[in-house]
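Please consider the structure shown below. The paragraphs that follow treat a sheet and then an enclosed space.

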Amino acid sequence: MFGSVLCVTGSGDIVAAAQAVRVRRAQVDAAEVEFLASVDTGPAGRRGLAEALAPELRLSAREVETRIQVAVDLRRRMPGVLAAMRAGLMDGYGARRVLQVTAPLSDEHARQVDALLADKLADAAVSTWQPVNMARCVARLVEQVDPGGHAARARQANAGRRVELQHGEHAQSRLTVDLRSEVASACYARVDAMARRLRRHGETRTLDQLRADVTADLLLGNDPGVTVPEAAALVYVHLPVDAALTMSDAGCELDGYGPIPAPVAREIMTNPHSTLRTVLCDPATGDPVDLGRTRRRPSAAMRELVRVRDRECTVPWCHRPARHCDIDHQAEWAAHHGPTSVANTAPRCRRHHRLKNAPGWTARHNPARGTTAITTPTGATYTGRRTPILTPNSTSTAARSRPDPNEPPPF
């Protein structure tokens, strides 16, 4: 794709060029799917395969593992979608959206949706192929194939709700929250109404900036500077009367989202406090940790020093913060009598901690130099080096390296 240049002179050329780019991208994605599905070793060995392929594909191991799973699912559950990719009609992102919608289904039901989707797309409008529209189309097919499982799928998805922090560039990060759709819609409506009221009262920040700042203030317990307007969290749920009276389980929709299960819609209708609140407690807080090197567990001070020193998982391509990593013995404590010391421990995320002793994997870490060498089962070795917290000043370093004749000897 990077080896050619498209010359566009008119609207017809633009369309043809866009179609060519789309077909090429889809076929490249299909080739990746075929490759990953062909080399998959099954669930037991998939994590190790993903770790081995990650440096070569220039992706995170988690992303490679996800792509392998996508490839396997497409070939087994959605052959029609895979055929559309080969034909250049759907790219990898669109295929992922389809898989996400059909994920809770059995293989049999997923293949039924796949067949119905192929028939529907045979004469569908071009806009139907856009991922958002495709996902809505597939959602309705899923409800058609397995109407009895709609509520169960919604509850299963709600059980996976979470908060995720993704650090980005230029000192900016993204905080995402997975919630039930009506709760998320209500949250956004509240924040949006507060931002708009601030804007009407003379704020010069953009609405996007105000929504972000109001959200941060609310989460941190600060005063956003505006009272909540009436109906700030108004969300429309459309449901037929017979569904409201439990006489039917069809036809319920959340405005701006799409179809939702009737039991969920009835919960929203009858429960004014539909936002769920979870309190998480750390059972390890306050547990005593012995000091010294004769115990397997490092002391709190030692863990903090190692985490401050290395800052990230020591595997070269992993950037999980050290505060979320295990403190791992380089020379095994039980097998090799490795000491529990700062020189023999390093942060390693749970994934790489478990993988360290897997067949074919070797790891060599030098805490003094901050280097780590990882050899994968393919025989390739990848070396990473810890970067300094501050950029060294060469002038100061050189000055420090020259002894001062007036200084006393260092002993």
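In what order do the strands of the open sheet of 3 strands lie, and is their pairing parallel or antiparallel? In this predicted model, the order is β8-β9-β10, and the pairing is antiparallel. The edges are formed by β8, residues 362-366, and β10, residues 381-385, each of which pairs on one side only. On average, neighbouring strands of this sheet are turned by 10° against each other, when direction is ignored. In general, the strands of a sheet pair through backbone hydrogen bonds, in either a parallel or an antiparallel manner.

The pairing of β9 with β10 may be examined further. Strand β9 comprises residues 371-375 and is joined to β10 in the antiparallel sense over 5 bridges. Within this pairing, Thr-371 stands opposite Arg-385 of β10.

The second topic is the enclosed space. Rolling a probe the size of a water molecule over the atoms shows where empty space is left. With a threshold of 30 Å³ or more, the count comes to 1 cavity. The largest cavity holds about 70 Å³ of space.

Which elements each supply at least two residues of the lining of the largest cavity? They are α14, residues 350-355, and β8, the latter being an edge strand of the sheet described above. The lining consists of Val-315, Arg-348, His-352, Leu-355, Lys-356, Trp-361, Thr-362, Ala-363 and Ile-374. By character, these lining residues divide into 5 nonpolar, 2 polar and 2 charged. Arg-348 and Lys-356 are the charged residues of this lining, while His-352 and Thr-362 count as polar.

Conventions: Residues are numbered from 1 along each chain as its sequence is written. This is a predicted model: local features need pLDDT of at least 70, side-chain atom pairs count only at pLDDT 80 or more; totals for chains, interfaces and linings use all residues. Side-chain values use heavy atoms; hydrogens and water are left out. Two strands pair if DSSP finds at least two bridges between them. Helices (H or I, at least four residues) and strands (E, at least two) are DSSP runs, numbered from the N terminus. Axes are lines fitted to C-alpha atoms, for helices over the stretch in contact, and angles run from 0 to 180 degrees between N-to-C directions. On a 1 Å grid over the protein atoms alone, a cavity is a set of points where a 1.4 Å probe fits but cannot get out, and a pocket is an open set with protein on both sides within 12 Å along at least five of seven lines; lining residues have an atom within 4 Å of a point. Grid points are joined across faces, edges and corners, and a volume is the space filled by probe spheres set on the points.
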